[in-house]
Every structure is written in C-alpha cells, then in structure tokens.
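Hi there,

Here is the structure we talked about, ready for you to open and turn around on your screen. Have a look at it first, and then read on.

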Amino acid sequence: MIKFLLAFAVSCFAGDFGDSLAREPHDQAIYIHPTLAYLTLQMSDSVPIEVFLTYEKELENGKSLTVEPCVIAGNLKMKAEDGNAPPPMAKVFSIGVDLGYRNYFNGQVSHGLYGAPVLQLTYVHLTRKGAVVASGSYLPLNLDGYTAGLMGVFGYRTKWSGFTMYFDGGIGWQYTLVEGGQNSGGITGSGLLYELNIGIGLPF
C-alpha cells in the first residue's frame, strides 16, 4: 500500500512538473539537423565544413517565422559517366537559406501540427580539375549555380522547457540557373523540389 501511494505521488508530481515545463514561455528556438549533416558526409572525401541550422521565432496565435541557413564547403565525390572511371573530386561551396512561415493548426501556441509556405534560395560554386582516364578524359569544370524554389511543408513540433524537436516534409517547384563550363550563356531549368527534415533544438 505504501509503495502504491509513493508511486502515485511520484507520478502526479512528474505529470505536474512536465506540464509546467511545457508551459515555460520560451518564444525562440535553435535547431540542428543531424540527418542532413550525415548525408553530406557520405558524399565527401574529407570532412567538409557544414552548417545546418534553423532559427524559429514564435509570433502570436500559433504562428512563427523560421530561418534555415545552410553552408557547405569541401571536396565532394562525383558520379562516373557512362561506366567510365570516376572523375576527380570536385571542390564545392554552397550557401543558402530557407524562409518559412509556420501556421500551427491549434491557432494558439507553437507546438503540434503545422503547415508552412517555404521559400528556398541557394548559391553553389563548383570546380573540378580535368583528368585523363583509360576510356577518355574529363574536362575541367568551373560552375556557378543559382536556385529558387517554393514549397508547401507539413510537420509536427513538440516542446519542453529545455528541449524541442520537429519533423516535417515538403514538396514544391524549383528553378535553376547554371553558368560556366561549355555553356557560356548558362543553362536554365526547373523541376520538382522535395524535402524531409528533422530538427533537434533548444528553446530560449
């Protein structure tokens, strides 16, 4: 009986404590994205410089602004062409930002299910030395790429006093311009844009 009462008291305290943590008035958060960092490492010959962060600023009535900067610099693997020997490593520098406006479906606080329009802007600079292989040769590359895209994103966020996380997915359309190489006039194109994301962060 005593053990039951102690267990009941502890559970009640833990529940009240958890609720009080959830009600802490933190209206900002910084997230890291371990999945994106891992995928980038799989493509690199050496550990690149990489920054994947999201900043969220809560507004009133279950709305918030998000800013997600992304910076990558390093040597990345490139695919072999038509079964030939792999090309030389490419040096890449990329900087971009995603700007989002989250609308949480509860209409009151910034946690739970949400939807958001997201504007994505990216610049990429890529260089590669030429190389001669058994089946031919690879030309040197010096390219600049620019992308702009718009997505619709849906996700879920949970938040406590000292920890917050979210996961979401989005789909949209992206426009691309590539300058340099053999096409001095540039190459333009468009296509499907999609994203799956997990953010782990600290509210403050």
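Below is what turned up, going from the overall layout to the strands, the aromatic rings and the cavity.

**Overall layout**

Please keep in mind that this is a predicted model. The protein has 2 helices and 10 strands. Following the sequence, you will meet them in the pattern α-β-α-β-β-β-β-β-β-β-β-β. Of its 204 residues, 30% count as buried.

**How some of the strands pair**

A good place to begin is S5, which spans residues 112-128. S4 and S5 run antiparallel and are joined by 12 bridges. If you want a spot to look at, serine 94 has valine 124 in S5 as its bridge partner.

S5 also pairs with S8, again in the antiparallel sense, over 17 bridges. Here threonine 127 stands opposite asparagine 142 in S8.

From S8 you can carry on to S9. A hairpin of 4 residues links S8 to S9, and the two strands run antiparallel with 17 bridges between them. Within this pairing, tyrosine 156 has phenylalanine 167 in S9 as its bridge partner. Both of these residues come back below.

As you click along these strands, one general point may help: in a regular strand the side chains alternate between the two faces of the sheet.

**Aromatic rings**

How many aromatic pairs are there? The count comes to 5. A pair of aromatic rings is described by the distance of the centres and the angle of the planes. Two of the pairs are described here.

Tyrosine 123 and tyrosine 146 are one of them, with 5.3 Å from centre to centre and 45° between the planes, which makes the pair tilted. Tyrosine 123 sits in strand S5 and tyrosine 146 in strand S8 (residues 141-159), so this pair ties together parts that are 23 residues apart in sequence. Are these two tyrosines buried or exposed? Tyrosine 123 counts as partly exposed because its relative accessibility is 25%, and tyrosine 146 is partly exposed as well, with a relative accessible area of 36%.

Tyrosine 156 and phenylalanine 167 form another tilted pair, at 6.2 Å centre to centre and with 35° between the planes. With tyrosine 156 in strand S8 and phenylalanine 167 in strand S9, the pair links parts of the chain that are 11 residues apart. These are the two residues named above as bridge partners. Tyrosine 156 is partly exposed at 35% relative accessibility, and phenylalanine 167 is partly exposed at 48%.

There is also a charge over a ring to look at. Which residue lies over the face of tyrosine 166? That is arginine 102, at 4.2 Å from the ring centre.

**The cavity**

Rolling a probe the size of a water molecule over the atoms shows where empty space is left. In this model there is 1 cavity of 30 Å³ or more, and its volume is about 120 Å³. The lining is made up of 15 residues, and Thr66, Glu68, Arg102, Val118 and Asp168 lie nearest the centre. Arginine 102 therefore appears twice in this tour: in the cavity lining and over the ring of tyrosine 166.

Which elements give two or more residues to the lining? They are strands S3 (63-76), S4 (90-104), S5 (112-128), S9 (164-180) and S10 (183-203). S4 gives the most, with 4 residues. Sorted by class, the lining has 6 nonpolar, 4 polar and 5 charged residues.

**Two more places to visit**

Valine 51 lies in strand S2 (residues 49-58) and is partly exposed, with a relative accessible area of 33%. The C-alpha atoms of valine 51 and proline 69 are 7.5 Å apart, while the two residues are separated by 18 residues along the chain.

Lysine 129 is in the loop between S5 and strand S6 (131-133). With a relative accessible area of 68%, lysine 129 is exposed. Between the C-alpha atoms of lysine 129 and lysine 91 there are 9.3 Å, and these two lysines are 38 residues apart along the chain.

Happy browsing, and do write back with any questions.

Best wishes

Conventions
Residues numbered from 1 in each chain as written. Predicted model: local features only at pLDDT ≥ 70, side-chain atom pairs only at ≥ 80, totals over all residues. Heavy atoms only, no water. 1 Å grid on protein atoms, 1.4 Å probe; cavity = no way out; pocket = protein on both sides within 12 Å on 5 of 7 lines; lining within 4 Å. Points joined across faces, edges and corners; volume = space filled by probe spheres on them. Nonpolar A, V, L, I, M, F, W, Y, C, P; charged D, E, K, R; others polar. Phe/Tyr/Trp six-rings, centres within 6.5 Å; stacked < 30°, edge-to-face > 60°. Buried < 20%, exposed > 50% of the residue type's maximum accessible area, 1.4 Å probe, protein only. Lys NZ or Arg CZ within 6 Å of the ring centre and 35° of its normal. Pairing = 2+ DSSP bridges.
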